[in-house]
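Visitor: I am new to this structure and would like a close look at a single part of it, the place where the two chains meet. Could you take me through it slowly, and then show me how that part connects to what lies around it?

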Amino acid sequence: MMQAMAKFRGYRRAEPGTQPEYLHPPYVSSIKRAPSKPLVYLPYTLSEVTGPSFDSFAIDVKASDLTRPHAGEPLGERIVVSGRVLDEDGRPAAHTLIEVWQANAAGRYRHNVDQHNAPLDPNFEGSGHTLTDEHGNFRFITIRPGAYPWRNHYNAWRPAHIHFSVFGPAFATRLITQMYFPGDALLPFDPIFNCIADEKARNRLISIFDWETTVCQQALGYRFDIVLSGRDSTPWEK
Amino acid sequence: MSLQATTSQTVGPFFQIGLARFYVDDLTGLGASGEAIEIEGRVFDGDGEPVPDGVIEIWQADAQGKYAPQESSRELESIEENDPHATGHAQAQRAEGAFLGFGRVPTQADGSFRFKTIKPGRAPAPDETLQAPHIAVSVFTRGLLRRLVTRIYFPDEPSNAEDFALKLVEAARRHTLIAKKLRDGRLEWNVVLQGKDETVFFDC
């Protein structure tokens, strides 16, 4: 009823150079899947500034601990990954769904397409989800994933990473990304990590080792903050 | 304070592990009144090969053109038993009646996907008009470093002619956004990532 009368604000477009182009030939899979025609610029409508809310979905409060679902402990180095989901103005994305997935410590995904001959771990699925709290905070307990080979080029290996899927407040803020680990020797060689020229933006995909997150006698801690598009400064008058 | 948005990365080939729990292929259900529709399609790459490892997400208004409330109660429904083998279909049921408006389906080996929903109504456009009924779509696949955004419109819909977003698209390409009606009433809408009949994708 109020919707048609509501003022709403759009979202800021990405700063040039901070988001990948679709065609990135070093990443071979992009060559036949990247669109060849320019995107059509779409001013925001209500369809893009609204988005799904997952707080009445059946969120499993235990699913933020990826080490837990089985009777036994998964093999590998237990870690805590925590951070905040914010927008570009520093406003927290509260109660937003985060989904994560990853390889096990040996670099193997529990997926029928993954043919890497590293062992599966019967005590590790590699998936989790959570909602951020009212300040945008999240915290996962997991195992540090291993690097794994892929067929992009000769002797190609993906650096260790965790996939993050985040919604934020609107269709416009939907983001899927990957978190990497500091000091990984494979990072300079990875065409996915190196999909943008902006080194600072790239390096924000690398988590930060963090004593505050580290749990004594239990798990090393890493911080990974995720920043979603901020609101446009001028409201649409509707 | 001005931060910069995090760089997007590909969903990769193994997203099923992380995203299956919240697959929603049927948006109808409690509280969803309106015309039930089934939409199916396939995703193709620049060689016309099916894309068997993509995931399609949709977001739409209800039959009255209203989007689900953006400020809903924060009471969480927690599951007592954590079954790591459970797929999303069972868990992703709305706890209450309101129309969620969100769907997510993976593509199959032949690149196909399908979902059941209700035909959305007309939501307001920024220029004081009403948009034609449409569904907002995100496409994620291995090989896409960021999502592609597009829309599904409906055939035999006079309001398409005056739609805010369709008018931005050159006439010769608009058909890529409009579903076709199959003989049995289902709707077909394909995604061509690249090439001659490339789907229109939006900068969003």
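Guide: What follows begins with the contact between the chains, goes on to the nonpolar core, and ends with chain B.

Please keep in mind throughout that this is a predicted model. The contact takes 80 residues from chain A, while chain B contributes 75 residues to it. On the side of chain A that touches chain B, several elements each supply at least two residues, among them β2 (40–41), α1 (46–49), β9 (161–166) and β13 (226–228). The element that gives the most to this side is β10(A), with 4 residues. Sorted by class, the side of chain A that touches chain B holds 38 nonpolar residues, together with 24 polar and 18 charged ones.

One of those elements, β2(A), also pairs with a strand across the contact: 2 bridges join β2(A) to strand β10 of chain B, residues 202–203, and the two strands run parallel. Within this pairing, Val40(A) has Phe202(B) as its bridge partner in β10(B).

From the contact we can turn to the nonpolar core, where residues of both chains again appear. The largest nonpolar core has 104 residues, and those that touch the most other members are Val85(A), Val166(A) and Leu228(A) from chain A, with Val137(B) and Ile152(B) from chain B. Strand β5 of chain B, residues 134–141, provides the largest share of this core, namely 5 residues. Leu228(A) deserves a separate look, since, leaving aside its neighbours within four places in sequence, Leu228(A) is in contact with residues including Val85(A), Val166(A) and Leu175(A), and also with Ala5(B) of the other chain.

It remains to place the chain B side in its own setting. Chain B contains 2 helices and 10 strands, and along the sequence these follow the pattern α-β-β-α-β-β-β-β-β-β-β-β. Of the 204 residues in chain B, 46% are buried. Among the contacts in chain B with a separation of 6 or more, 76% are between residues 24 or more positions apart.

A strand of this chain shows what burial looks like in detail: strand β3 of chain B, residues 102–106, is largely enclosed by the rest of the structure, because 4 of its 5 residues are buried. Strand β2 of chain B, residues 54–59, is joined to β3(B) by 5 bridges, and these two strands run antiparallel. In that pairing, Trp59(B) finds its bridge partner in Phe102(B) of β3(B).

Key:
Residues are numbered from 1 along each chain as its sequence is written. Chains are lettered from A and ligands numbered from 1 in the order in which they are written. This is a predicted model: local features need pLDDT of at least 70, side-chain atom pairs count only at pLDDT 80 or more; totals for chains, interfaces and linings use all residues. Two residues are in contact if their C-beta atoms, placed from the backbone, lie within 7 Å. Ala, Val, Leu, Ile, Met, Phe, Trp, Tyr, Cys and Pro count as nonpolar, Asp, Glu, Lys and Arg as charged, and the others, Gly among them, as polar. Two strands pair if DSSP finds at least two bridges between them. A nonpolar core is a set of buried Ala, Val, Leu, Ile, Met, Phe, Trp, Tyr and Cys residues joined through C-beta atoms within 7 Å. A residue is buried if 20 or more other C-beta atoms lie within 10 Å of its own, exposed if 12 or fewer, and partly exposed in between; C-beta atoms are placed from the backbone.
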